[in-house]
Amino acid sequence: MSCCYSDHLCNLVGHKAIIHTGCHCFNVLICDITPCYVKVIDVRSGNIRIFNLDHIDFIEECNC
């Protein structure tokens, strides 16, 4: 993903999502989106994670 996608992701702030990066998937709550980064809370561990948008393959909204 590139920085231009951050505008389209703003509607996911405050929602659960699944972030796919390489062979890893993270169940997260999206807290903040900047032009190049996504700040989330990992649902499994409760830790805050920051993902570079360039390293994210795709983000899917979680309906759980």
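The following paragraphs describe the fold, the strand pairing, the core and the side-chain pairs of this predicted model.

Residues are numbered from 1 along each chain as its sequence is written, and side-chain values use heavy atoms, with hydrogens and water left out. Because the model is predicted, local features need pLDDT of at least 70 and side-chain atom pairs count only at pLDDT 80 or more, while totals for chains, interfaces and linings use all residues.

A good place to start is the overall layout. The chain contains one helix and five strands, arranged along the sequence as α-β-β-β-β-β. Here helices (H or I, at least four residues) and strands (E, at least two) are DSSP runs, numbered from the N terminus. Of the 64 residues in the chain, 30% are buried; buried means under 20% relative accessible area, exposed over 50%, and partly exposed in between, with a 1.4 Å probe and protein chains only. Contacts (heavy atoms within 4.5 Å) also reach along the sequence: among those between residues at least 6 apart, 40% join residues at least 24 apart. Helix α1 covers residues 6–9 and includes Leu-9, which is buried at a relative accessible area of 8%. The C-alpha atoms of Leu-9 and Thr-34 are separated by 9.6 Å, although these residues are 25 residues apart along the chain.

The strands come next. Two strands pair if DSSP finds at least two bridges between them. Strands β1 and β2 run antiparallel and are joined by six bridges. Their hairpin has two residues between the strands, and Gly-22 takes a positive phi near 60 degrees there. On its other pairing, β1 runs antiparallel to β5 (residues 58–61), with four bridges. Ile-18 illustrates both pairings: its bridge partner in β2 is Asn-27, and its bridge partner in β5 is Glu-60. Moving on, five bridges join the antiparallel strands β2 and β3, which form a hairpin with three residues between them. In this pairing, Val-28 stands opposite Asp-42 in β3. Another five bridges join β3 to β4, again antiparallel, and Tyr-37 has Asn-52 in β4 as its bridge partner. The β3–β4 hairpin has five residues between its strands, with Gly-46 in the turn at a positive phi of about 85 degrees.

Which residues of β3 point to one face and are buried? They are Val-38, Val-40 and Asp-42, whereas Tyr-37, Lys-39 and Ile-41 point to the other face and are not buried. In a regular strand the side chains alternate between the two faces of the sheet.

Val-38 and Val-40 appear again in the largest nonpolar core, among the residues with the most contacts inside it, together with Ile-19, Val-28, Ile-30, Ile-56 and Ile-59. This core has 14 residues; a nonpolar core is a set of buried Ala, Val, Leu, Ile, Met, Phe, Trp, Tyr and Cys residues joined through side-chain atoms within 4.5 Å. Strands β1 (16–21), β2 and β3 (37–42) each supply at least two of its residues, and the largest share, four residues, comes from β2.

One aromatic pair is found in the whole structure. Rings of Phe, Tyr and Trp (its six-membered ring) pair if their centres lie within 6.5 Å; planes under 30 degrees apart count as stacked, over 60 as edge-to-face and the rest as tilted. Phe-26 and Phe-51 form this tilted pair, at 5.3 Å centre to centre and 55 degrees between the planes. Phe-26 lies in β2 (residues 24–33) and Phe-51 in β4 (residues 48–52), so the pair ties together parts 25 residues apart in sequence. Both rings belong to buried residues. Thr-21, in strand β1, is likewise buried, at 13% relative accessibility. Beyond its neighbours within four places in sequence, Thr-21 is in contact with Phe-26, Phe-51, His-55, Ile-56 and Asp-57.

The structure holds one salt bridge, a term for a side-chain nitrogen of Lys or Arg within 4 Å of a carboxyl oxygen of Asp or Glu. Arg-49 and Asp-42 form it, at 3.1 Å from N to O. Asp-42 is buried at a relative accessible area of 7%, while Arg-49 is partly exposed at 33%.

Finally, there are zero disulfides, defined as a pair of cysteine sulfur atoms within 2.5 Å. The sulfur of Cys-23 is 8.7 Å from its closest cysteine sulfur, in Cys-25, too far for a bond. Cys-23 is exposed at 71% relative accessibility, and Cys-25 is partly exposed at 44%.
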